[in-house]
Amino acid sequence: MSISLDVCAVEARTLARVQEPAAVADRIEEQLEPLFTSLSLAWWDLSVEASEEHERRRVERDLALSDLLADPGLFADIESARQAADGQLRRRLDLLRDAFLPQQVPSELRGRIIELEASVDMRFSNHRGQVGGKPVDDNEIKHVLRASDDVVERREAWEASKTVGAVVADDVRALARLRNEAARTVGYRDWFALSVAANEMDEARLLSTLEEADRVTAAPFASWKASLDARLAARFGCAVDDLRPWHYADPFFQDVPVEGGIDLGPYFADRDLVELATRTFDGLGLETRPILERSDLFPRDGKSQHAFCIDIDRAGDVRVLANLVSDQHWMDTMLHELGHGVFNEGFGPELPWLLRDCHLVVTEGIAILMGRLASDGEWLERVAGVDAAEAAALDQALRAARAAELLAFTRWVLVMTNFERSLYGDPEADLDARWWELVQRYQLLTPPEGRRGPDWAAKIHVAVAPVYYHTYLYGQMVASQLGATLRRECGGVVDRKAAGTLLAERIFAPGLSVRWDRLLEQATGELLSAAAFGRDLAG
Ligand SMILES: [Zn+2]
């Protein structure tokens, strides 16, 4: 971006050519570190106070970082240094390669992809479907599908949710072609293959893990859905065979409403969620107070409405942004974000900067493991102070509700991931038909008669967050597998100091020095599989 950075890059190149692999890694790391830190700060500032100045700074720092990662000379240095390196040094150079590789695309092509993504994203933001002749946003559509007993209105809302597909489909196909072109310039079959490889996933293993997730969920999903269908048919006064996608509570049937009336709201109303979260992590011997002191936790005008955890400098400056309201959703979220936080605080201080980081799938696994506590019977009793008999009675119903949620979610991820593999495998194929074939197979939904249209393009992730959905499912599987290890070795999570120690030693401290799948294997005694996840689904 700036002139000084370009000079720096040229200088690094000249030096690296005559230096050892260690010097290459050190040199590039020294350049990356300040760019990452200043980008993280800009991101934080923009999130706590949206302003043009903060947005300008974020874009500027984003560009500075991506310019460095696109530098072909540095990439060549990394490639040649890798050949001569082993052990931890090789690991650092592999990670540098993964960071630089996707950016080694002609800048004209990169520019076209970024522009088209932004344009599609904008159309998603501006598009409104129509119900009863009036424009509606996504929340209103969801509300109709959750609450309305009027099937005509439901059908209209569902169809409204798909109209954006026709608006963006041609450009999403064009994006797939451009992304494939980019992937081929760096030696990959297509964008799917590149995305998976650049995130340290082996495509063959990914496919077999997805097949396993299909196997462990197929029967319980079919039986859960059969009982759901019976209830829906009774509610709408039709035969089960007459149920169509608009009878379900979500436009994509990707999540399910809380059933059985388990409303944990009363347990959290008027509670201090920060205190409950602190108490939870204290029980594991994991300190969260310094993170909380730096955090921005309550709603305010001009602030991001979401929640996230950010590691500013990989040296202890970890912060959480949230918008806490005393309910179950925010309790789960607070425990989730602090799960990320204690992970980032726990990297071995002796590690080089590049390795003081974590793989997305593992940190999501830890965060999900902690977030799940907000609906765990033992936690409700020990931490939230719910009466023991009441908590035990709730526990069974909560497990069933969570299993239903995970089943519906897993089947949906199978649709998305298999669809995206088809999309990048052949962007010219009959994608409209392919989409419904997958929806029918994995979600057991009956397509509306004679429906033709790009319903797949109505899912924003296909356009702007490509080849990402499987990481959500992996996070759930990691959480289940770690949870099983903690039960086996420490008796559980809640108030088990040994559980905190195990996580700190086996998962947090190594950072990225060990590849994520190996790290998990070392920590749990087996490669990641859907086995523990399957057992959690059985309740
Ligand atoms: Zn998360």
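**Notes on the predicted model and its zinc site**

1. Buried residues account for 54% of the 539 residues in the protein. Please keep in mind that this is a predicted model, so every value here is computed from predicted coordinates.

2. On overall architecture, the protein has 23 helices and 4 strands. Its radius of gyration is 24 Å, close to the 24 Å from the globule rule for 539 residues, so the protein is as compact as a globular protein of that length. Along the principal axes, the C-alpha atoms fill a box of roughly 75 × 55 × 45 Å.

3. A word on contacts and surface. Of the contacts between residues at least 6 apart in sequence, 75% join residues at least 24 apart. The protein exposes about 23,200 Å², and carbon and sulfur atoms supply 51% of that area.

4. Now to the metal. Which protein atoms are the donors of the zinc ion? They are NE2 of His336, NE2 of His340 and two OE entries from Glu364, lying 2.1 to 2.7 Å from the zinc ion. In sequence, the donor residues follow the spacing H-x3-H-x23-E. His340 belongs to helix H14 (residues 328-345) and Glu364 to helix H15 (residues 360-371), so this pair ties together parts that are 24 residues apart in sequence.

5. Why is the arrangement around the zinc ion irregular? The 4 donor atoms subtend angles of 52 to 137°, whereas a tetrahedral label would need all angles between 85 and 135 degrees. As a reference point, the ideal angle for four tetrahedral donors is 109.5 degrees. Water is not among the atoms, so the site may look incomplete.

6. Two of the donor residues can be placed by accessibility. His340 has 9% relative accessibility and therefore counts as buried. Glu364, at 23%, counts as partly exposed; the cut-off for buried is under 20%.

7. Away from the zinc ion, have a look at Leu414 in helix H17 (residues 388-425). Leu414 counts as buried because its relative accessibility is 1%. Beyond its neighbours within four places in sequence, Leu414 is in contact with Leu210, Asp214 and Tyr442. Met370 is 44 residues from Leu414 along the chain, and their C-alpha atoms are separated by 25 Å.

8. Finally, is Ser40 buried or exposed? Ser40, which lies in helix H2 (residues 21-48), has 12% relative accessibility and so counts as buried. Not counting residues up to four places away in sequence, Ser40 touches Ile310, Asp311 and Ile312.

Technical notes. Residues are numbered from 1 along each chain as its sequence is written. This is a predicted model: local features need pLDDT of at least 70, side-chain atom pairs count only at pLDDT 80 or more; totals for chains, interfaces and linings use all residues. Side-chain values use heavy atoms; hydrogens and water are left out. Helices (H or I, at least four residues) and strands (E, at least two) are DSSP runs, numbered from the N terminus. Buried means under 20% relative accessible area, exposed over 50%, partly exposed in between (1.4 Å probe, protein chains only). Contact means heavy atoms within 4.5 Å. Donors are N, O and S atoms within 2.8 Å of the metal (3.2 Å for Na, K and Ca); water is not among the atoms, so sites may look incomplete. Four donors count as tetrahedral if all angles lie between 85 and 135 degrees; four count as square planar and six as octahedral if opposite donors are over 155 degrees apart and all others between 65 and 115; anything else is irregular. The radius of gyration is taken over C-alpha atoms; the globule rule is 2.2 Å times the number of residues to the power 0.38. Accessible areas come from the Shrake-Rupley method with a 1.4 Å probe; for residues, only the protein chains shown count as cover.
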